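Work through these exercises with the structure open beside you. Try each task before reading its solution.

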Amino acid sequence: MDARRDRYELKYPATQDTLEPLRRAFEPFVVRDRHTPPGKVGYTIHSIYFDTPGFDAYHQKVDGLQHRYKVRLRGYNEGADDAPVVLEIKRKDDRIVSKARAWVLHRDLDTLLATGDVERYALGDDRAKEDMCRFLYRIRRHGLRPVVLTRYEREAYFGRFNNDLRITLDSSLRSRAFPGATELFGRQPVVRARRDTVVEVKHYGASPSWLKSIVSDFGLRRASFSKYCNCLDDHDLPRRSSAQTNP
């Protein structure tokens, strides 16, 4: 994987009522992500996470394994047949994160998953095709299946003086259990998460002093926050699965 994509990722659980004050505190030091739709403060992220029947990825996170990975599909905003969807393997080594990512058109996703025809459906160069092959290999080698759809609103910013710094305000986390792999943008009902707001800081070097001051002023404390695990807990999926396999 490209070392340039290895970065630190810090998470600070928050509440909805802190978002506006935080936005004002960050404003002098950041610029909004250029992918934010015009007239909007953020955008919607849809993800479908895959896991084994025994929820191995969930338990690796809960058990605090330093080396672990997640497999997911991700799309943005409302979606359409020609919307690009990213196939992603996210690896974590303590606080360092790296990703293998490949893109496919939403209308081709079902056929790609069924046929594995990377040459025909992968968007991008040979590197993208390699990452797509890695994704499909993980799915088939480990018997992964879609476990949960998550959806949330994201405000994304980059450091005004340091483009390597990225700050996101994620809120209104909600989910649905056991979606179909092609239901990324589906309209089915979702459940609001009990813990639904988090500030995430991603960077390649040291955190700037102004960021440390804001974090301290707002009383934010770094803690584990997995959208995937939170949503599985909301649906009580791992416990239900354990009860079914251990009567």
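**Exercise 1.** In this predicted model, find which residues of α7 are buried.

*Solution.* Step 1: apply the cut-off. Buried means under 20% relative accessible area. Step 2: list the residues that pass. They are K227, Y228, C229, N230, C231, L232 and H235. Step 3: set this against the length of the helix. Seven of the nine residues of α7 are buried, so the helix is mostly covered. Step 4: look just past the end. D236 follows α7, and its phi is positive, near 60°.

**Exercise 2.** Describe the setting of S226: where does S226 lie, and what does S226 touch?

*Solution.* Step 1: place the residue. S226 sits in the loop between α6 (209-217) and α7 (227-235). Step 2: judge its exposure. S226 counts as buried because its relative accessibility is 5%. Step 3: follow the side chain. The side chain of S226 reaches the backbone nitrogen of C229 at 3.0 Å. Step 4: look further along the sequence. Beyond neighbours within four places, S226 is in contact with K61 and K70.

**Exercise 3.** Which residues lie closest to the centre of the second largest pocket, and which elements each supply at least two residues of its lining?

*Solution.* Step 1: take the volume. The second largest pocket holds about 370 Å³ of space. Step 2: go to the centre. Of the 20 lining residues, K61, R68, K92, D94 and S224 are the closest to it. Step 3: name the elements. β1, α2 (56-62), β4 and β5 (84-93) each supply at least two residues of the lining. Step 4: sort the lining by class. The second largest pocket is lined by 10 charged, six nonpolar and four polar residues.

**Exercise 4.** Do the same for the largest pocket: which element gives the most to its lining?

*Solution.* Step 1: take the volume, about 920 Å³ for the largest pocket. Step 2: go to the centre. Among the 36 residues that line the largest pocket, R7, Y76, K99, R101 and R166 are the closest to its centre. Step 3: find the elements. Those giving two or more residues to the lining are β1 (7-13), β3 (43-51), β4 (67-76), β6 (96-105), β7 (145-159), β10 (198-203) and α7. Step 4: pick out the main contributor. β6 gives the most to the lining of the largest pocket, with five residues. Step 5: sort by class. The lining of the largest pocket has 20 charged, 10 nonpolar and six polar residues.

**Exercise 5.** Which residue shares a side-chain polar contact with D33?

*Solution.* Step 1: place D33 in the loop between β2 (30-32) and β3. Step 2: check exposure. D33 counts as buried because its relative accessibility is 5%. Step 3: find the partner. The side chains of D33 and R166 are joined by a polar contact of 3.1 Å. Step 4: list what D33 touches. Not counting residues up to four places away in sequence, these are Y43, A156, Y157, F158 and R166.

**Exercise 6.** Which element gives the largest share of the largest nonpolar core?

*Solution.* Step 1: recall a general tendency. In soluble globular proteins, nonpolar side chains tend to be buried together. Step 2: find the best-connected members. In the largest nonpolar core, of 24 residues, F50, L73, L87, V104, M132 and F135 touch the most other members. Step 3: trace the elements. β3, β4, β5, β6, α3, α4 (118-121) and α5 (126-141) each supply at least two residues of this core. Step 4: name the top one. α5 gives the largest share, four residues. Step 5: note that another core lies apart from this one. That other core has 18 residues, among them A14, L19, V30 and L165.

**Exercise 7.** F55 and F178 both have a positive phi. Which of them is buried, and which is partly exposed?

*Solution.* Step 1: take F55, with phi near 55°. F55 lies in the loop between β3 and α2. F55 is buried because its relative accessible area is 2%. Step 2: take F178, with phi near 50°. F178 is in the loop between β8 (166-177) and β9 (191-192). At 39% relative accessibility, F178 counts as partly exposed.

Key
Residues are numbered from 1 along each chain as its sequence is written. This is a predicted model: local features need pLDDT of at least 70, side-chain atom pairs count only at pLDDT 80 or more; totals for chains, interfaces and linings use all residues. Side-chain values use heavy atoms; hydrogens and water are left out. Buried means under 20% relative accessible area, exposed over 50%, partly exposed in between (1.4 Å probe, protein chains only). A polar contact is a pair of N or O atoms within 3.5 Å; within protein, one must be able to donate a hydrogen and the other to accept it, and residues adjacent in sequence count only if both atoms are side-chain atoms. Contact means heavy atoms within 4.5 Å. On a 1 Å grid over the protein atoms alone, a cavity is a set of points where a 1.4 Å probe fits but cannot get out, and a pocket is an open set with protein on both sides within 12 Å along at least five of seven lines; lining residues have an atom within 4 Å of a point. Grid points are joined across faces, edges and corners, and a volume is the space filled by probe spheres set on the points. Ala, Val, Leu, Ile, Met, Phe, Trp, Tyr, Cys and Pro count as nonpolar, Asp, Glu, Lys and Arg as charged, and the others, Gly among them, as polar. A nonpolar core is a set of buried Ala, Val, Leu, Ile, Met, Phe, Trp, Tyr and Cys residues joined through side-chain atoms within 4.5 Å.
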